[in-house]
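Me: I have a structure open and would like to talk through its contacts with you. Could you keep to what the atoms support?

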Amino acid sequence: SFFEVEFCPYDAPCDLSALDSVEFYIRGTGTFSLNLESLGNANYQGKAMHLDSLDSPNEWIRKSIKPSDFDKPDSSWGNFGRDLVRTKMTSLSVFAMDNAEIWLDDVKLYGIRRDDLR
């Protein structure tokens with residue numbers, strides 16, 4: 001499964017370095033990744049990834065992912081870290097992996113203004 005929300009166009013990425021946290025409700029089972037992405041320009045393509053697992057098929061869990069929660073850059077699956085993408089963000093995506101079955105609701109971004117998005 002895959003879910004993506006585009007913040008800014010690929011040819012005009014946003015500076016979302018003030019992002020304090022991404023919060024959402026999630027339920028399901030398996031492994032998922034929450035990604036802040038910089039897509040479009042080949043020189044800057046990559047993402048900041050937070051890999052996590054879930055075992056709550058019937059109960060909604062509120063997650064809060066802060067900048068420090070993103071995985072260290074390792075280039076696995078395009079994970080180049082938050083420092084690379086924070087000033088060039090285009091989208092947020094969530095991948096469900098390894099037979100995961102997830103549901104998302106009420107995704108919120110804290111620390112940025114609506115004017116920061118295009």
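Me: To start with, how does Phe2 count in terms of relative accessibility: buried, partly exposed or exposed?
Reply: Bearing in mind that this is a predicted model, Phe2 counts as partly exposed, because its relative accessibility is 47%.

Me: And how many aromatic pairs turn up in the whole structure?
Reply: A search of the whole structure finds two aromatic pairs. In one of them, the rings of Phe2 and Phe95 have their centres 4.6 Å apart and their planes at 40°, so this pair is classed as tilted. Phe2 belongs to strand β1 and Phe95 to strand β4, and with their positions 93 residues apart in sequence the pair links distant parts of the chain. Phe95, for its part, is partly exposed at 27% relative accessibility.

Me: What about the rings of Phe24 and Phe32, what's the geometry there?
Reply: Their centres are 6.4 Å apart and their planes stand at 90°, so the pair of Phe24 and Phe32 is edge-to-face. Both Phe24 and Phe32 are buried.

Me: Which ring does the charged end of Arg27 sit over?
Reply: The charged end of Arg27 sits over the ring of Trp103, at 4.3 Å from the centre of that ring.

Me: Switching to strands: how many bridges join β1 to β4, and which way do they run?
Reply: β1 covers residues 2–6 and β4 covers residues 91–110, and the two are joined by five bridges and run antiparallel. As a point of reference for the register, Glu4 stands opposite Ser93 in β4.

Me: And how many bridges are there between β2 and β4?
Reply: Strand β2, residues 21–38, is joined to β4 by 15 bridges, and these strands also run antiparallel. Within that pairing, Thr31 stands opposite Met97 in β4.

Me: Where is Thr29, and how far is it from Ala100?
Reply: Thr29 is found in strand β2, and although Thr29 and Ala100 are 71 residues apart in sequence, their C-alpha atoms are 5.4 Å apart in space. Thr29 counts as partly exposed, because its relative accessibility is 28%.

Me: Okay, charges next. How many salt bridges are there overall?
Reply: A search of the whole structure finds five salt bridges. One of them is formed by the side chains of Lys63 and Asp52, with a nitrogen-to-oxygen distance of 2.9 Å.

Me: Is Lys63 buried or exposed, and what about Asp52?
Reply: Lys63 counts as buried, because its relative accessibility is 18% and the cut-off for buried is under 20%. Asp52 is partly exposed, with a relative accessible area of 22%.

Me: Which residues are linked in a network of salt bridges?
Reply: The network links Glu23, Arg62, Asp106 and Lys108. Within the network, Asp106 forms a salt bridge with Arg62, where the closest N and O atoms are 3.7 Å apart. Asp106 lies in strand β4 and Arg62 in strand β3, which spans residues 46–65, so this pair ties together parts that are 44 residues apart in sequence. Asp106 also forms a salt bridge with Lys108, and there the closest N and O atoms are 3.9 Å apart.

Me: That 3.9 Å sounds borderline, so why does the Lys108 contact with Asp106 count?
Reply: It counts because a salt bridge is accepted when the side-chain nitrogen is within 4 Å of the carboxyl oxygen, and the closest atoms of Lys108 and Asp106 are 3.9 Å apart.

Me: How accessible are Arg62, Asp106 and Lys108?
Reply: Arg62 is partly exposed, with a relative accessible area of 28%. Asp106 counts as partly exposed at 32% relative accessibility, and Lys108 counts as partly exposed at 34%.

Me: What is the phi of Asp106?
Reply: Asp106 has a positive phi of about 55°, although it is not a glycine, and its place is in strand β4.

Me: Last topic, the surface. Which residues make the nonpolar patch?
Reply: Phe3, Val5 and Val107 make a nonpolar surface patch of about 200 Å². Phe3, which is found in strand β1, is partly exposed, with a relative accessible area of 33%.

Key
Residues are numbered from 1 along each chain as its sequence is written. This is a predicted model: local features need pLDDT of at least 70, side-chain atom pairs count only at pLDDT 80 or more; totals for chains, interfaces and linings use all residues. Side-chain values use heavy atoms; hydrogens and water are left out. Patches are made of residues with over 30% relative accessible area and no salt bridge: like charges are joined within 9 Å, nonpolar side chains (Val, Leu, Ile, Met, Phe, Trp, Tyr) within 5 Å. Accessible areas come from the Shrake-Rupley method with a 1.4 Å probe; for residues, only the protein chains shown count as cover. Helices (H or I, at least four residues) and strands (E, at least two) are DSSP runs, numbered from the N terminus. Buried means under 20% relative accessible area, exposed over 50%, partly exposed in between (1.4 Å probe, protein chains only). Two strands pair if DSSP finds at least two bridges between them. Rings of Phe, Tyr and Trp (its six-membered ring) pair if their centres lie within 6.5 Å; planes under 30 degrees apart count as stacked, over 60 as edge-to-face and the rest as tilted. A charge sits over a ring if NZ of Lys or CZ of Arg is within 6 Å of the ring centre and within 35 degrees of the ring normal.
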